[in-house]
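Reader: I am new to this structure and would be grateful for a close look at a single part of it. Please take one residue as the starting point and connect it to its surroundings.

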Amino acid sequence: VIAYFQPKPLAGSRVLITAGPTCEPIDPVRVITNRSSGKTGYALAQAAYEYGATVQLVSGPTALACPPGVERIPVQTAVQMRDAVMQRVDDADIFIAVAAVADWRVENQSSEKLKKKDGQPPALHFVQNPDILAEVAARPDAPWCVGFAAETTLDPEMAQEKRRRKGVPMLIGNLAQHVMDADHTTVELFDDEGMINLGSGEKLEIARRIVQEIAQRYVRPH
Ligand code: CTP
Ligand code: CA
């Protein structure tokens, strides 16, 4: 009922979001992954939908239910996430990368389950995964892009450097050790103007603030 009376600043716009971790197989029974519950990404999907957007959520494995009204595209690996995003990016006005994408995948994946051999742990070789956000932001007709950075120390200089390196107008920073799996979060917004403290609160409340900030800055093409 409350949502019904809310203004819809994103009415008519299409939002593509990545969320959750990616899982990179070592063998058929083992993976390498990142710590991410998906809660922030799912809260953003819900908030964007409440604000009137059409929302697609490309999600790594999480224990969360898909928010009502949101289309979820489930994926496992970073490469699958990249492919799912690239298939949909042309139809997106806004791209929000919240996923904790594994930076590396195992190059020498085994098709058979690896077996223990005495004192001989397997030698894993890693290759770097594609940077989905940077790839989207570098496209000629790129949607308006937002990145996230969960850091163990949040240095404004480093956050701005990461934002510029990704080529995105907005980066949201939070402290990893405080927010992992929690229902609450504390975030800072970085853009061309500097840093804004968006405060602390439930992830859905903070997600609504972030979506409001996006709606204020995003200018719909005519
Ligand atoms: N990201 C992405 N694809 C990747 C890695 C990161 O889309 N392969 C996105 C994340 O979803 C996030 C942003 O880029 O929005 C920043 O991710 P982060 O891990 O903080 O940055 P990295 O460039 O991977 O740098 P590092 O982990 O070394 O700090
Ligand atoms: Ca990373």
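In which loop does aspartate 103 lie?

Author: The model under discussion is a predicted one. Aspartate 103 is found in the loop between β6 and β7, the latter strand covering residues 104-106. Its relative accessible area is 47%, and the residue is therefore partly exposed, since that class lies between 20% and 50%.

Aspartate 103 is also the place where a metal ion meets the protein. The protein donors of the calcium ion (ligand 2) are listed as Asp103 (OD) and Asp103 (OD), lying 2.5 Å from the ion.

The record has an entry for this residue as well. In UniProt, an unreviewed entry carries the annotation "binding site", which covers Asp103, Lys113, Pro130, Asp131, Ile132, Leu133, Phe148, Lys162 and Lys166. These annotated positions are spread over 64 residues of sequence, and they are spread in space too, with up to 37.9 Å between C-alpha atoms. Of these residues, Asp103, Pro130, Asp131, Ile132, Leu133, Phe148, Lys162 and Lys166 are included in the lining of the largest pocket.

That pocket deserves a description of its own. The largest pocket holds about 990 Å³ of space. It is lined by 39 residues, of which Ala99, Ala100, Val101, Phe148 and Ala150 are the closest to its centre. Phe148 is thus one of the residues closest to the centre and is also covered by the UniProt annotation. By character, the lining divides into 18 nonpolar, eleven polar and ten charged residues.

Several helices and strands take part in the lining. At least two residues each come from α2 (39-50), β6 (94-97), α4, β9 (144-151), α5 and β10 (170-175). Among these, β9 gives the most, with four residues.

Two of the helices that supply the lining, α4 and α5, also take part in salt bridges. In general, side chains of opposite charge can pair when their charged atoms come close.

For helix α4, the pair to consider is arginine 82 with glutamate 135, whose side chains meet in a salt bridge at 3.2 Å, N to O. This pair links distant parts of the chain, for arginine 82 belongs to helix α3 (residues 78-88) and glutamate 135 to helix α4 (residues 132-137), 53 residues apart. Arginine 82 is partly exposed at 22% relative accessibility, and glutamate 135 is partly exposed at 30%.

For helix α5, the pair is arginine 163 with aspartate 192, where the salt bridge spans 3.1 Å, N to O. Here too, distant parts of the chain are linked: arginine 163 sits in helix α5 (residues 156-166), while aspartate 192 sits in the loop between β11 (184-191) and β12 (194-202), 29 residues apart. The two partners fall into opposite classes of accessibility. Arginine 163 has a relative accessible area of 3% and is therefore buried, the limit for that class being under 20%, whereas aspartate 192, at 69%, counts as exposed. As for shared partners, salt bridges join Arg82, Asp83 and Glu135 into one network.

These contacts belong to a wider set, as a search of the whole structure finds 14 salt bridges. Another of them joins the side chains of arginine 30 and aspartate 27 at 2.4 Å, N to O. In that pair, arginine 30 is partly exposed at 32% relative accessibility, and aspartate 27 is buried at 3%.

How values were computed. Residues are numbered from 1 along each chain as its sequence is written. Chains are lettered from A and ligands numbered from 1 in the order in which they are written. This is a predicted model: local features need pLDDT of at least 70, side-chain atom pairs count only at pLDDT 80 or more; totals for chains, interfaces and linings use all residues. Side-chain values use heavy atoms; hydrogens and water are left out. A salt bridge is a side-chain nitrogen of Lys or Arg within 4 Å of a carboxyl oxygen of Asp or Glu. Buried means under 20% relative accessible area, exposed over 50%, partly exposed in between (1.4 Å probe, protein chains only). On a 1 Å grid over the protein atoms alone, a cavity is a set of points where a 1.4 Å probe fits but cannot get out, and a pocket is an open set with protein on both sides within 12 Å along at least five of seven lines; lining residues have an atom within 4 Å of a point. Grid points are joined across faces, edges and corners, and a volume is the space filled by probe spheres set on the points. Ala, Val, Leu, Ile, Met, Phe, Trp, Tyr, Cys and Pro count as nonpolar, Asp, Glu, Lys and Arg as charged, and the others, Gly among them, as polar. Donors are N, O and S atoms within 2.8 Å of the metal (3.2 Å for Na, K and Ca); water is not among the atoms, so sites may look incomplete. UniProt positions are given in the numbering used here, feature names are shortened, and annotations may be inferred rather than shown by experiment.
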